[in-house]
Amino acid sequence: MEIQVVRGDITACDVDVVVTAANAPLIGGGGVDGAVHRAAGPQLLQALRPLAPCPPGEAVRTPAFGLGPRVRHIVHAVGPRYGVDDPAAELLASAYRVSVRQCDEVGAGSVAFPALSTGAFGYPLFEACQVSVQALRRIETSLRLCLLVAFDERTRKFWERALAA
Ligand code: AR6
């Protein structure tokens, strides 16, 4: 799987699967999840209700609704709340791994990830970038392309640095 860092808004990505940074009750919120819910529309919340709760380190999958037809599925990954859900690094790596497994289950070729847990959930940015790159590199998958979508320049730099290591 090729891993590429790009700067931008994940709701504009041309991929089979968009991953969002969800919370355990799967009720939407701010940050990237807010943007994904706005783009997908209200059907998304309805589809999530029977799948909740989703514990940290896990992920669930729904159709893409308003994000389609370009995007086929949304994976709702729950990263750890830093300082609350432990062990944080293992839970964060697991959220990435389970998301990739969700992509493989539907035969996806491409996926876009946000920097899970690095906003409202408070995970230190550089460490989170390292954990995500290490986890994604070790995974066996039929995905061809994985976009790491940095919303700001700091995230882009740290992901590039983690990829170069
Ligand atoms: N595209 C890509 N990345 C984005 C976008 C976007 N449109 N918007 C924000 N980011 P966060 P978390 C970046 O807080 O820390 C929500 O309320 C953002 O700059 O979205 O896992 C959920 O409902 C940051 O780098 O996710 C949960 O309750 C990264 O996405 C909780 O926050 C993650 O920040 C999850 O917290």
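How many disulfides does the structure hold? The count is 0. This is a predicted model.

## Cysteines

A disulfide is a covalent bond between the sulfur atoms of two cysteines. The cut-off used here is a pair of cysteine sulfur atoms within 2.5 Å. Cys-54 does not come within reach of a partner: the closest cysteine sulfur belongs to Cys-103 and lies 14 Å away, so the gap is too far for a bond. Cys-54 is also buried, because its relative accessibility is 2%.

Cys-129 is likewise in no disulfide. For this residue the nearest cysteine sulfur is that of Cys-146, at 12 Å. Cys-129 has 1% relative accessibility and therefore counts as buried. Buried here means under 20% relative accessible area.

## The largest pocket

Rolling a probe the size of a water molecule over the atoms shows where empty space is left. In this model, the largest pocket has a volume of about 610 Å³. Its lining is made up of 27 residues. Closest to the pocket centre are Ala-21, Gly-31, Val-32, Ala-115 and Gly-119.

## Who lines the pocket

Two or more lining residues come from each of these elements: α1 (31–40) and α5 (153–164). Which element gives the most to the lining? That is α1, with 4 residues.

By class, the lining of the largest pocket holds 13 nonpolar residues. A further 10 are polar and 4 are charged.

Methods
Residues are numbered from 1 along each chain as its sequence is written. This is a predicted model: local features need pLDDT of at least 70, side-chain atom pairs count only at pLDDT 80 or more; totals for chains, interfaces and linings use all residues. Side-chain values use heavy atoms; hydrogens and water are left out. Buried means under 20% relative accessible area, exposed over 50%, partly exposed in between (1.4 Å probe, protein chains only). On a 1 Å grid over the protein atoms alone, a cavity is a set of points where a 1.4 Å probe fits but cannot get out, and a pocket is an open set with protein on both sides within 12 Å along at least five of seven lines; lining residues have an atom within 4 Å of a point. Grid points are joined across faces, edges and corners, and a volume is the space filled by probe spheres set on the points. Ala, Val, Leu, Ile, Met, Phe, Trp, Tyr, Cys and Pro count as nonpolar, Asp, Glu, Lys and Arg as charged, and the others, Gly among them, as polar.
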